[in-house]
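Let's take a friendly walk through a protein model together. Keep the 3D view open, and turn it as you read.

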Amino acid sequence: MFLPDNTIPLLLQGYAWLPQLRRRASGEVVHTRVGGQRAVALRGPDAARFFYDEDHVERHTALPGPIKSTLFGHGAVHTLDGTGHRVRKAMFLSLLTGDGIGSLVRYTTAAWDEAAASWADGRRVVLFDEAAAILARGVCRWTGIPLAESEVPALASDLVAMVDGFATPGSRHWRARTARARREAWLRYLVEYVRDGVATVPAGSALDVVAHHRDADGEQLDPHTAAVELLNIIRPTTAVCWFVSFAAHALHRWPRHRAPLREGDDAFAEAFTHEIRRFYPFAPFLGGRAVRDLTWRGEKIPARSLVLLDVYGQHHDPALWKEPYTFDPRRFIGREIDAFELIPQGGGDPAAGHRCPGEAITVALLKALSMRLAQLDYDVPEQDLDISLRRIPARPASGFVLTGARAAA
Ligand code: HEM
């Protein structure tokens, strides 16, 4: 079958690219070509289950070099499969689930409270940037990475740049590469100092664990890979600033959601974070490669073709969500969420597959910071709050500016 290359439409249409191809497709699957490669796109919980089966789809051959050079880093856990993946992933899960979450939230909310006290002087606050700095400060403290207060803004800006530039060929992409090279070099030295005993770190901290982790071959990570994996903790934690700016956007557009957050309604707050992660665009789709000839609902997927899981399309599919374009946190109250249904951070079992190990941390941080935001009164001056679906990753154009922040009366 002749399939024209769709790379330019992807770059132009962003999140709408796969949903639009799907509307024009005759069946449940999109057959296309991207970056010169045959690609098949799927969506829905059953498709996600199919995608996460290692007998169907592998990851290590599918990640494009430019994404490794910006977002994840070369040699990262994202690029592994099989036993190598499982051993490295267990290190992340040991750090990012369980008891550690509470202390990360405490460090970060303390950083928020300190920053919010300084907003009371009436100054203009760009919430996206402030949240990035707060999160970077909190996560570095938690990780055991020494960081002077004066170094926080530059680090936060580098960590944001790595995420902001992964999906674009222009200047944002080059900023991302430069930021990654700078921060990998910084953390590589830190890992070497820790191993040599020159720097002391709190026992059991992420810095300590990553520096001394042994991979499936029994060897310590080389210092570069250790730096890459430390960045894979502090970069995505800082990226929760995207969701914080979306939370502010949602509270501005639909102010009725402020009251239950302000009153400390825990079940509502949790549902609010899920709805933020469903409704607003972040990861557009996930990619892997078919390990052999496959068939999905009668459609052929040739061996070695790319298999794309349309995350944004799945979250806005009217067959799965009642009124998907309505922001309604209550849709998540009082029910279980299937492991393949809500997939902003991947699907399935994080220990067995590539699902994000930082999901519990993301939910806990977003919940705590959304509740704190709701407890403030502030003005929202005239600004561009447009969230363009053509820009990956999307964000409110202004970064969400607020003024006159004060504790709610
Ligand atoms: C993987 C999204 C926060 C660490 C992923 C994946 C997505 C994702 C889509 C890939 C899933 C897949 O390929 O199947 C997000 C979003 C976040 C976030 C939107 C919030 C801004 C975090 C946090 C951490 C983290 C807070 C760590 C503290 C990782 C790691 C992986 C990953 C290490 C690779 C897992 C693997 O390949 O097995 N994330 N994530 N993420 N995430 Fe997150």
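Start with strands E5 and E8, which run antiparallel and are joined by four bridges. Bear in mind that what you are looking at is a predicted model. To find one of these bridges, look for Gly287, whose bridge partner in E8 is Leu308. On the chain, E5 covers residues 286–290, and E8 covers 306–309.

Now zoom out a little. E5 and E8 belong to an open sheet of five strands, and reading across it gives the order E1-E2-E8-E5-E3, with mixed pairing. Which strands stand at the edges? They are E1 (30–34) and E3 (57–58), and each has a single partner strand, so one side of each is left without a neighbour in the sheet.

Let's visit both edges. At one of them, E3 pairs with E5 in the antiparallel sense over two bridges. Here you can spot Glu58 standing opposite Arg289 in E5. At the other edge, E1 pairs with E2 (residues 37–42), again in the antiparallel sense, over five bridges. Val30 is a handy landmark, since its bridge partner in E2 is Ala41. While you are at this end, look for helix H2 (residues 17–24), which lies across E1, E2 and E8 and runs at about 135° to E1.

Follow the chain back from E8 and you reach the loop between strand E7 (299–301) and E8, where Arg304 is found. Arg304 is worth a pause: its phi is near 75°, a positive value in a residue other than glycine. Most residues other than glycine have a negative phi, and most peptide bonds are trans. The second half of that rule has its exception here too. A cis peptide bond joins Ile392 and Pro393, with omega about -5°. You will find Pro393 in the loop between strand E9 (376–379) and strand E10 (401–407).

Next, the helices. How do H7 and H12 pack? Helix H7 (residues 127–143) meets H12 at an angle of about 140°, and their axes are 8 Å apart. That angle makes H7 oblique to H12. The crossing of these two helices is right-handed. On the H7 side, the residues that meet H12 are Leu127, Phe128, Ala131, Ala132 and Leu135, and facing them from H12 are Val240, Cys241, Val244, Ser245 and Ala248. Sorted by class, this contact of H7 with H12 has nine nonpolar residues, one polar and no charged.

H12 also packs with H16, this time at an angle of about 40° and with the axes 10 Å apart. H12 and H16 are therefore oblique to each other, and their crossing is right-handed. From H12, the contact takes in Val240, Phe243, Val244, Ala247, Ala248 and Leu251, while H16 brings Thr362, Leu365, Leu366, Leu369, Ser370, Leu373 and Ala374. The contact of H12 with H16 counts eleven nonpolar and two polar residues, with no charged ones.

Another helix pair to look at is H9 (residues 171–196) with H11. Their axes come within 8 Å and cross at roughly 115°. H9 and H11 are therefore roughly perpendicular to each other, and H9 passes H11 in a right-handed crossing. H9 contributes Arg183, Glu184, Leu187, Arg188, Val191 and Glu192 to the contact, and among the H11 residues there are Pro223, His224 and Leu231. What is the mix of classes in the contact of H9 with H11? It has eight nonpolar, one polar and four charged residues.

Finally, turn to the ligand. Around it are 26 residues, and those that come nearest are Pro236, Gly346, His354, Cys356 and Gly358. Some helices you have already met return here: the elements that give two or more residues to the shell are H5 (82–96), H11 (223–238), H12 (240–253) and H16 (359–374). Which of them gives the largest share of the shell? That is H11, with four residues. By class, the residues of the shell around the ligand divide into 16 nonpolar, eight polar and two charged.

Key. Residues numbered from 1 in each chain as written. Predicted model: local features only at pLDDT ≥ 70, side-chain atom pairs only at ≥ 80, totals over all residues. Near = placed C-beta within 6 Å. Nonpolar A, V, L, I, M, F, W, Y, C, P; charged D, E, K, R; others polar. Axes fitted to C-alpha atoms, helices over the stretch in contact; angles between N-to-C directions. Parallel < 35°, antiparallel > 145°, perpendicular 65-115°, else oblique. Left-handed = near helix turned anticlockwise from the far one by under 90°. Contact = placed C-beta atoms within 7 Å. Pairing = 2+ DSSP bridges.
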